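The questions below go through one protein model, and each is followed by a reasoned answer.

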Amino acid sequence: MERREKEAVRYLGFGKNAVDDRTLALIRESFEDLDREAGKKSVHRIFEPGQITDERIVIGPMDIRSRSLSRNLRGCDKVILFGATLGTGADRLITRTSLTDMAKAAVLQACAAALLEEYCDECQQRIAEEMEAEGRYLRPRFSPGYGDFDIRHQETLMRMLDCAKSIGLTMTDSFMMTPTKSVTALIGAGRTRINCPVAGCETCGKKDCAFRR
C-alpha cells in the first residue's frame with residue numbers, strides 16, 4: 001500500500017487489523033475521486049517571534065499562553081504561519097456521496113484527511129528547503145487545538161494569513177473551518193537540526209523528546 005492508503009486505513013480505525021480487499025478498493029477509488037475534485041491551495045508567511053518563554057509566545061498580534069507550543073518552538077528564531085485546504089470540491093464530493101452511499105462517504109472522509117496531511121507534508125518540505133538555504137531547520141507543524149494551544153487563536157492566525165482572500169478559507173463562530181478539509185498551523189524554524197519527522201509526533205517513537213506535543 002502507498003503511504004496515503006495506509007494513513008486512510010489508520011483514520012478508518014482498523015488499527016493492526018488487516019484491511020479487506022473491498023475496503024482497499026474503495027480507498028483507492030476514493031483517492032482517485034478526490035484527486036479529481038480537490039482544489040489544493042496553501043499559504044504561508046514567515047515571522048520573527050517577539051517573545052518565546054516557557055509558557056508564552058508572542059508573534060505579531062498573537063499572544064499565546066501554551067507550554068506545549070513553547071516546547072515545540074524552543075530555540076526557534078523564525079515562526080512560519082501556515083494554512084492549507086483541499087477546497088470546496090472535496091466537501092461537495094463527500095456531501096454528494098453521503099446522500100447515496102454512507103460507507104463510501106466514510107471512506108472519503110478518511111481519504112480526504114490523509115490527502116490533506118500528504119499535501120501539508122509536501123508544502124512543509126518546500127518550506128524546509130527554503131529555510132535550509134538560510135541555515136534553519138523546521139519543527140513539526142503545531143495547530144491550534146493541539147495540547148494547550150487554544151483553538152481560539154485560529155481566528156488571528158487566519159487573519160494574519162489573509163486566508164479568505166489567499167486560499168478561500170474561512171471560519172465559523174464555533175471555530176470550524178470552511179472548507180472543512182483544511183488546516184492551519186505554526187511551524188518553528190531554528191538553527192539547530194533536531195531531526196523531527198515532517199509528519200510530526202504521531203509518527204515518531206521518541207517518547208522522551210523535549211519538543212513532543
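Q: Is Gly-50 buried or exposed?
A: This is a predicted model, in which local features need pLDDT of at least 70, side-chain atom pairs count only at pLDDT 80 or more, and totals for chains, interfaces and linings use all residues. Residues are numbered from 1 along each chain as its sequence is written, and side-chain values use heavy atoms, with hydrogens and water left out. Buried means under 20% relative accessible area, exposed over 50%, and partly exposed in between, with a 1.4 Å probe and protein chains only. Because the relative accessibility of Gly-50 is 64%, this residue counts as exposed.

Q: Between which strands is the loop that holds Gly-50?
A: Strands (E, at least two residues) and helices (H or I, at least four) are DSSP runs, numbered from the N terminus. The loop with Gly-50 lies between strand 1 (41-47) and strand 2 (51-52).

Q: Which strands stand at the edges of the open sheet with the order 2-3-4?
A: Two strands pair if DSSP finds at least two bridges between them, and the 3 strands of this open sheet pair antiparallel in the order 2-3-4. Strand 2, for instance, is joined to strand 3 (residues 56-59) by 2 bridges. Each edge strand has a single partner strand, so one side of each is left without a neighbour in the sheet, and these edge strands are strand 2 and strand 4 (62-65).

Q: At what angle do helix 2 and helix 5 pack?
A: Axes are lines fitted to C-alpha atoms, for helices over the stretch in contact (heavy atoms within 4.5 Å), and angles run from 0 to 180 degrees between N-to-C directions. For helix 2 (residues 21-37) and helix 5 (residues 102-132), the axes are 9 Å apart and the angle is about 65°.

Q: Which helix supplies the largest share of the largest nonpolar core?
A: A nonpolar core is a set of buried Ala, Val, Leu, Ile, Met, Phe, Trp, Tyr and Cys residues joined through side-chain atoms within 4.5 Å. The largest one has 34 residues, and Leu-34, Phe-82 and Leu-138 have the most contacts inside it. With 13 residues, the largest share of this core comes from helix 5.

Q: Against which helices do the buried residues of helix 1 pack?
A: In helix 1, the buried residues are Arg-4, Glu-5, Glu-7, Ala-8 and Val-9. The buried residues of this helix pack against helix 2 and helix 5.
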